[in-house]
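Reader: Please give me a close look at a single part of this model. Start with one residue, then work outwards to its partners and its setting. Keep it brisk.

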Amino acid sequence: MSERTSHLYGLLCPCCTSSRLRTIETRPALNGIKRRRACKDCGKRLTTMEAVRLAPIETTSGRSG
């Protein structure tokens with residue numbers, strides 16, 4: 001996720017509330033992805049966890065029309 005899109009997902013620095021976060025490290029975790037991030041404004045670092053959710057896929061047969 002780039003700096004331009006981090007604000008779309010509600011990612012804010014807990015110290016200064018800036019949305020200018022950069023990803024330092026990404027690694028797999030037990031139930032998803034673990035990312036180490038740093039704020040471009042205040043320099044504080046934080047860890048985010050991204051969980052994978054499986055959603056049912058709706059299918060249709062045939063063509064509508």
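Author: What follows starts at Arg 35 and moves outwards. A caution comes before the details: the model is predicted.

First, the frame. The protein chain has one helix and three strands. Along the sequence, the pattern is α-β-β-β. The chain has 65 residues, and 18% of them are buried. The exposed surface comes to about 5500 Å². Carbon and sulfur atoms supply 50% of that surface. Among contacts with a separation of 6 or more, 13% join residues 24 or more positions apart.

Next, the sheet. The three strands form an open sheet in the order 1-2-3, and the pairing is antiparallel. Strand 1 and strand 3 stand at the edges. Each of these two has a single partner strand, so one side of each lacks a neighbour in the sheet. From one strand to the next, the twist averages 25 degrees. In general, strands of a sheet pair through backbone hydrogen bonds, and the pairing can be parallel or antiparallel.

Now the residue itself. Arg 35 sits in strand 2, which covers residues 32-39. Is Arg 35 buried or exposed? Its relative accessible area is 18%. The cut-off for burial is under 20%. Arg 35 therefore counts as buried.

What does Arg 35 touch, once residues up to four places away in sequence are set aside? The list runs through Thr 23, Glu 25 and Thr 26, then Leu 46, Thr 47, Thr 48 and Glu 50. Strand 1 covers 21-29 and strand 3 covers 45-51. In strand 3, Thr 48 is the bridge partner of Arg 35.

The side chain of Arg 35 has a charged partner. Arg 35 and Glu 50 meet in a salt bridge, at 2.5 Å from N to O. This pair links distant parts of the chain. Arg 35 lies in strand 2, Glu 50 lies in strand 3, and 15 residues separate them. The two ends are not equally covered: Arg 35 is buried at 18% relative accessible area, while Glu 50 is partly exposed at 27%. The link does not stop at two residues. Salt bridges with shared partners join Arg 35, Arg 37 and Glu 50 into one network. The side chains of Arg 35 and Glu 50 also make a polar contact of 2.5 Å.

Step one place back along the strand. Lys 34 is also in strand 2. Its relative accessible area is 31%, so Lys 34 is partly exposed. Leaving out neighbours within four places in sequence, Lys 34 contacts Glu 25, Thr 26, Arg 27 and Ala 29, together with Thr 47, Thr 48 and Met 49. The C-alpha atoms of Lys 34 and Met 49 are 4.6 Å apart. Along the chain, those two residues are 15 residues apart.

Two residues from these contact lists pair with one another. Glu 25 appears in the contacts of Arg 35. Arg 27 appears in the contacts of Lys 34. The side chains of Arg 27 and Glu 25 form a salt bridge, at 3.3 Å from N to O. Both are partly exposed: Arg 27 has 41% relative accessibility, and Glu 25 has 36%.

How many salt bridges are there? The count is four. One of them joins Asp 41 to Arg 20, with the closest N and O atoms 3.0 Å apart. This pair, too, links distant parts of the chain. Asp 41 is in the loop between strand 2 and strand 3, and Arg 20 is in the loop between helix 1 (3-6) and strand 1. The two are 21 residues apart. Asp 41 is partly exposed at 47% relative accessible area. Arg 20 is partly exposed as well, at 34%.

Last, the hairpin. Strand 2 and strand 3 run antiparallel, and seven bridges join them. Five residues lie between these two strands. In that hairpin, Gly 43 takes a positive phi near 85 degrees.

To close on the starting residue: Arg 35 is buried, has Thr 48 as its bridge partner in strand 3, and forms a salt bridge with Glu 50.

Methods. Residues are numbered from 1 along each chain as its sequence is written. This is a predicted model: local features need pLDDT of at least 70, side-chain atom pairs count only at pLDDT 80 or more; totals for chains, interfaces and linings use all residues. Side-chain values use heavy atoms; hydrogens and water are left out. Helices (H or I, at least four residues) and strands (E, at least two) are DSSP runs, numbered from the N terminus. Buried means under 20% relative accessible area, exposed over 50%, partly exposed in between (1.4 Å probe, protein chains only). A polar contact is a pair of N or O atoms within 3.5 Å; within protein, one must be able to donate a hydrogen and the other to accept it, and residues adjacent in sequence count only if both atoms are side-chain atoms. Contact means heavy atoms within 4.5 Å. Accessible areas come from the Shrake-Rupley method with a 1.4 Å probe; for residues, only the protein chains shown count as cover. Two strands pair if DSSP finds at least two bridges between them. Axes are lines fitted to C-alpha atoms, for helices over the stretch in contact, and angles run from 0 to 180 degrees between N-to-C directions.
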